[in-house]
Amino acid sequence: MKLLKYKIAALFLIGALSHGFTQERDEISVIGSTEYKIEPIYKVAMVISLANVYYDVDNYTLEDLKSKLLEKVESANVSYDKMEEDALAYAFLGYERDGTILRFTLSSLDEVKKLLGVQSLGTRPQETVQEFKLSDKEMAEYGKLAFEDAKNRASQLAAQIGRSIGKATKISDNNYQDYRESIYYTGINNTKIYSISVSFELK
């Protein structure tokens with residue numbers, strides 16, 4: 001009797017496993033992408049510090065250094081959208097003498113180059129970054145184009161083995177909406193790539 005029960009259980013298990021295997025679908029996963037242009041804003045941080053003055057330091061104050069920098073920025077005809085002072089960020093740098101950080105927001109690389117070309121006592125550039133944000137509409141548009149690219153890639157690959165693709169079963173989009181990049185590390189490149197991962201059924 002026990003042997004009969006074991007046989008029935010084994011047959012039931014085999015049937016269940018077989019049913020499970022037949023339900024699995026062959027899939028193909030690909031990366032789809034599209035290129036897009038950006039119009040970033042640029043931010044340049046300038047460190048102003050008495051620690052960067054190597055002669056007659058006692059004859060200058062922090063306000064003197066700030067005034068000299070802003071005068072030279074004006075003389076160089078640098079057009080900036082906004083300037084902010086960040087004394088707290090300067091404090092984290094650990095300098096022993098008074099100082100601060102001025103952050104300039106600019107709309108073009110030409111203005112960035114002019115600003116970086118300004119030489120002023122006690123001042124040095126700290127970082128230059130570009131920032132941009134994709135709107136919901138842009139992300140939807142680029143996602144659609146990337147999906148079409150993924151679909152074409154999957155169709156071409158499937159054809160190589162005599163198969164075709166069915167509906168999409170999984171989509172993964174890990175693109176950010178807000179970007180902040182250091183020009184020092186990434187260089188100047190206003191063409192970006194929007195990529196997604198898509199899985200399709202194989203017929």
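These are my notebook entries on what I looked up in this structure, which is a predicted model.

**Entry 1: confidence**

I began with the confidence scores and found that the protein averages a pLDDT of 86, with 88% of the residues scoring at least 70. Over residues 1–23 the pLDDT stays under 50, and for this stretch the model has zero contacts beyond four places in sequence. Where pLDDT is low, the predicted coordinates should not be read in detail, and I left that segment alone.

**Entry 2: the five-stranded sheet**

I then traced an open sheet of five strands, which I read in the order β3-β4-β2-β5-β7 with antiparallel pairing. At its edges I found β3 (82–85) and β7 (178–182), each of which pairs on one side only. From one strand to the next the twist averages 20°.

Looking at strand β2 (residues 41–49), I noted that it is mostly covered, with seven of its nine residues buried. On one hand β2 pairs with strand β5 (residues 123–133) in the antiparallel sense over eight bridges, and here I located alanine 45 with glutamate 127 of β5 as its bridge partner. On the other hand eight bridges join β2 to strand β4 (residues 99–106), again running antiparallel, and serine 49 has glycine 99 of β4 as its bridge partner.

Following the sheet onward, I saw that β5 and β7 pair in the antiparallel sense over five bridges, where glutamate 131 is matched with arginine 180 in β7. Helix α2 (residues 62–75) packs on this sheet, touching β2, β3, β4 and β5, and its direction makes about 20° with that of β4.

**Entry 3: threonine 128**

Is threonine 128, in strand β5, buried or exposed? I recorded it as buried, because its relative accessible area is 14% and the cut-off for buried is under 20%. Not counting residues up to four places away in sequence, threonine 128 touches Lys43, Val44, Val112, Leu116, Glu181, Ser182, Ile183 and Tyr184.

**Entry 4: the nonpolar cores**

Which residues touch the most other members of the largest nonpolar core? Of its 21 residues, I listed Leu69, Val73, Phe104, Leu106 and Leu115. The elements that give two or more residues to this core are β2, α2, β4 and α4 (109–116). I looked more closely at valine 73, which, leaving aside its neighbours within four places in sequence, is in contact with Val78, Tyr80, Phe104, Leu115 and Val118. There is also a second, separate core of 19 residues, which includes Ile28, Leu134, Ala154 and Tyr179.

**Entry 5: the three-stranded sheet and helix α5**

I next found an open sheet of three strands in the order β1-β8-β6, with antiparallel pairing. Strands β1 (27–37) and β6 (165–172) each have a single partner strand, so one side of each is left without a neighbour in the sheet. The twist here averages 35° from one strand to the next. I noted that 11 bridges join β1 to strand β8 (residues 191–202) in antiparallel fashion, and that glycine 32 has isoleucine 196 of β8 as its bridge partner.

Helix α5 lies across β1, β6 and β8, running at about 135° to β1. Within α5 (residues 136–159) I picked out glutamate 148, which is partly exposed, with a relative accessible area of 36%. Glutamate 148 and serine 33 are 115 residues apart in sequence, yet I read 8.6 Å between them in space, C-alpha to C-alpha.

Definitions and conventions: Residues numbered from 1 in each chain as written. Predicted model: local features only at pLDDT ≥ 70, side-chain atom pairs only at ≥ 80, totals over all residues. Heavy atoms only, no water. Buried < 20%, exposed > 50% of the residue type's maximum accessible area, 1.4 Å probe, protein only. Helix = DSSP H or I, 4+ residues; strand = E, 2+ residues; numbered from the N terminus. Pairing = 2+ DSSP bridges. pLDDT = per-residue confidence, 0-100. Contact = heavy atoms within 4.5 Å. Axes fitted to C-alpha atoms, helices over the stretch in contact; angles between N-to-C directions. Core = buried A, V, L, I, M, F, W, Y, C linked by side-chain atoms within 4.5 Å.
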